[in-house]
Amino acid sequence: DVERSRGLGDVYKRQETNTAVCFEGFADGWPACSRWRPSYLAAEFGDVQIEACTGRSSDAEPDINAAALREEMSMAEFVARVEAAGVSNDLYLIAGNGNSRTDELAPLFEDVDVPPGLFSHEHLRSSSALWFGPAGTITALHHDTSNILFCQIWGRKRVLLAPPDNPLLQPFARGLYNRVDPRDPTPEHAEAAGSMFEVVLEPGDALFIPVGWWHHVEALDVSISLALNGFDRDNAYPWFLPGRS
């Protein structure tokens, strides 16, 4: 299972050993954890134009085809659609929408209190990703080319993970993505899906996802998350592509 910890002293050791860990309560003291909820975003940033992925339910591969699903709207409209959606994967603010880099949302980062010595405050916005959507949003099984500290701010998310060298997943890899759906595997994929670790992130928790690790993410509630990858150490590994080896 994924180890749980309340200490941050070994983050860089985890990078060096390429091992995942969940830091319980990592963001509990951030103002974001007491402020960032849909009603707050609508009240404070309702007029801000954002980009979202919509129509995801009609696309068999919405993450791969995210560029074709982009739609601009106000934050207030997006919040209203999330609240009306129920359990749905149809609309989602994802990393590729780039909303964390917009100047109009810059005040949100005054509520993010990252620890010194781990992240660059100067480049926090440019190296972070805001995720926001209804219960039921899914990010398909994939791996990234950098280490990520995935911080859960509002609601809960279930993450299924596996290390890059998992031999049961490798036959189904296709680039950064994997054909295995751990929620509902075909008989062919059942053994691979069963080999994955599971962690449920509560508000305030943070999950260190090492570069190359396969991960599948599902929102259990209306969810707001912030993914940080602007570590003070080098954090780009474009050559590490276990899905293409």
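Student: Which element gives the most to the lining of the second largest pocket?
Tutor: That's S7, with three residues. A pocket here is an open set of points on a 1 Å grid where a 1.4 Å probe fits, with protein on both sides within 12 Å along at least five of seven lines, and lining residues have an atom within 4 Å of a point.

Student: Anything I should know before I look around?
Tutor: The model is predicted, with local features needing pLDDT of at least 70 and side-chain atom pairs 80 or more, while totals for chains, interfaces and linings use all residues. Numbering runs from 1 along each chain as its sequence is written, and side-chain values use heavy atoms, with hydrogens and water left out.

Student: Okay, how many residues line the largest pocket?
Tutor: There are 29 of them, and Ala 95, Trp 131, His 142, Asp 144 and Ile 148 lie nearest the centre.

Student: Which strands each supply at least two residues there?
Tutor: Strands (DSSP E runs of at least two residues) S6 (128-133), S7 (138-142), S8 (148-154), S14 (214-219) and S15 (223-228) each do. S6 gives the most to this lining, with three residues.

Student: And which residues are closest to the centre of the second largest pocket?
Tutor: Ala 60, Glu 61, Pro 62, Ala 140 and Asp 181, out of the 18 that line the second largest pocket. The elements giving two or more residues to that lining are S7 and strand S11 (177-178).

Student: New topic! How many aromatic pairs does the structure hold?
Tutor: Nine. Rings of Phe, Tyr and Trp (its six-membered ring) pair if their centres lie within 6.5 Å; planes under 30 degrees apart are stacked, over 60 edge-to-face, and the rest tilted. One of the pairs is Phe 26 with Trp 30, edge-to-face at 5.6 Å centre to centre and 70° between the planes.

Student: Are those two buried or exposed?
Tutor: Phe 26 is buried (under 20% relative accessible area; exposed is over 50%, partly exposed in between, with a 1.4 Å probe and protein chains only), at 12%. Trp 30 is buried too, at 4%.

Student: Why do Phe 208 and Phe 231 count as edge-to-face?
Tutor: Because their planes stand at 90°, with the ring centres 6.2 Å apart. Phe 208 lies in strand S13 (residues 206-209) and Phe 231 in the segment after S15, so the pair ties together parts that are 23 residues apart in sequence. Both of these Phe residues are buried.

Student: Which residue joins Phe 208 and Phe 231 in one aromatic cluster?
Tutor: Phe 119 forms that cluster with them.

How values were computed: Helix = DSSP H or I, 4+ residues; strand = E, 2+ residues; numbered from the N terminus.
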